[in-house]
Amino acid sequence: KRQDSSAPASPSGGVEYLVETDVGGQKLNLDFDTGSGDLWVFSTSLSASSQANHHVFNPSSSSTYKAMSGATWRIIYGDGSGASGTVGTDTVTVGGTTVKGQAVELANRVSAQFVQDANDGLLGLSFSNINTVRPTQQKTFFDNAKSSLTKPLFAAYLPLNANGAYDFGAINARHHTGSVAYTDVDSSGGFWQFPSTSYKVGGTKHSLSGVSAIADTGTTLLLIADAAVTTYYDAVQGASFDNQQGGYTFPCSASLPDFAVRIGSTNYATIPGSLINFAPIDNSGRTCFGGIQSVGQIAGMSIYGDVFFNAYYGVFDDAGPRFGFAPI
Ligand SMILES: O=C([C@@H]1CCCNC1)N1CCCCC1
């Protein structure tokens, strides 16, 4: 029962956190994504141009890899990026946690965004009911590992501009302050999803009736309904929606109010304004891009990405299931 471990998560360009993962003896830097359910890797089946600047998995060089005859996968993410390919199984090790016979999805096609990204693939940590392998749906790394962990949980520690960690099997007290508050999770859609029906800007409460949020470590920003985004940036001097940037920007010198979101029927998680200045839009450092942006046309949904996790340790507990959070 003691396969518990903590794997370092390194911030990459402020866009994602990468975890060094051993797949059949080959090291790949994967983006751990609680918002999707596929473990897929750049592979030697890709075109040479798609492979450029990535570590790629070569099934022929793994003594433990087994092809899964007739299985394929294809995933399209909410941001329009995507990948597809074939499937096999191999031994996958993250930190000190090993799964034998893990479904490993080999990409033979990836969208342009992935060729530009720093990751060598994704390791999905959503529920397995949204895994895209067909004809036989496959389980996530966590689903396969959980029976060998002290507790069936993992946690994400993703501090801003510093090395973080994914903890498996136990909560790491060094990765949070205060006590962990929990909310029940509705896993029917495959996500770590819970009601999030109000928010506060600088202390003033606003409702978002009927809205749910998902905890998504694979999303960079905090994405929420247009009404909330407008309310937030109305409180920021000089902020405006910049069509060219595709989001709200403001003077980098602006003072940003705190943004609190209600998690379930319990308390609010408060993200300090300082964490809502995502990045300058150019090298002049004059204009900055906001960490809170619109979720777009995904009605009734908020997506709490890394901007949330920069402020809160996230506990993904299969017992429940439930989502826990505590200030970093
Ligand atoms: O594709 C995604 C995200 C993209 C970024 C990485 N995590 C998964 N979804 C989550 C939100 C609902 C739609 C699907």
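Which residue in the hairpin of β5 and β6 takes a positive phi? Gly 80 does, with a value near 90 degrees. Keep in mind that this is a predicted model. Below is a quick tour of that hairpin, then the ligand site, then the enclosed cavities.

**The β5-β6 hairpin**
- Strand β5 covers residues 66-76 and strand β6 covers residues 82-94; the two run antiparallel.
- Seven bridges hold the pairing between β5 and β6 on paper.
- One pairing to look up is Ile 75, whose bridge partner in β6 is Ala 83.
- Five residues sit between the two strands, and Gly 80 is where the hairpin shows its positive phi.

**Around the ligand**
- The ligand's surroundings include two aspartates, Asp 33 and Asp 216, along with the glycines Gly 35, Gly 78 and Gly 218.
- Tyr 77, Phe 191, Ile 214, Thr 219 and Ile 303 also belong to the set around the ligand.
- Asp 33 puts a side-chain N or O atom 2.9 Å from a nitrogen atom of the ligand.
- Asp 216 also reaches a ligand nitrogen atom through its side chain, with a polar atom 2.8 Å away.
- Gly 78 works through its backbone instead: an N or O atom there lies 2.6 Å from an oxygen atom of the ligand.
- As for cover, the ligand on its own would expose 360 Å², and the protein buries 83% of that.

**The largest cavity**
- Counting cavities of 30 Å³ or more gives two.
- The largest cavity holds about 40 Å³ of space.
- Its lining takes in Ser 126, Phe 127 and Ser 128, plus Thr 140, Phe 142 and Asp 143, with Trp 192 and Asp 318 completing the list.
- By class, that lining splits into three nonpolar, three polar and two charged residues.

**The second largest cavity**
- This cavity has a volume of about 30 Å³.
- Gly 37, Asp 38 and Leu 39 are among its lining residues, as are Gln 102, Ala 103 and Glu 105.
- Gly 124, Asn 131, Gln 138, Lys 139, Thr 140 and Phe 141 line the second largest cavity too.
- Strand β7 (residues 97-110) supplies the largest share of this lining, with three residues.
- The class breakdown here is three nonpolar, six polar and three charged residues.
- Thr 140 is worth a look in the viewer, since it appears in the lining of the largest cavity and in that of the second largest.

Definitions and conventions. Residues numbered from 1 in each chain as written. Predicted model: local features only at pLDDT ≥ 70, side-chain atom pairs only at ≥ 80, totals over all residues. Heavy atoms only, no water. Pairing = 2+ DSSP bridges. Helix = DSSP H or I, 4+ residues; strand = E, 2+ residues; numbered from the N terminus. 1 Å grid on protein atoms, 1.4 Å probe; cavity = no way out; pocket = protein on both sides within 12 Å on 5 of 7 lines; lining within 4 Å. Points joined across faces, edges and corners; volume = space filled by probe spheres on them. Nonpolar A, V, L, I, M, F, W, Y, C, P; charged D, E, K, R; others polar. Near = heavy atom within 4 Å. Polar contact = N/O pair within 3.5 Å; in protein donor to acceptor, adjacent residues only side chain to side chain. Areas by Shrake-Rupley, 256 points an atom, 1.4 Å probe, with all protein chains shown as cover.
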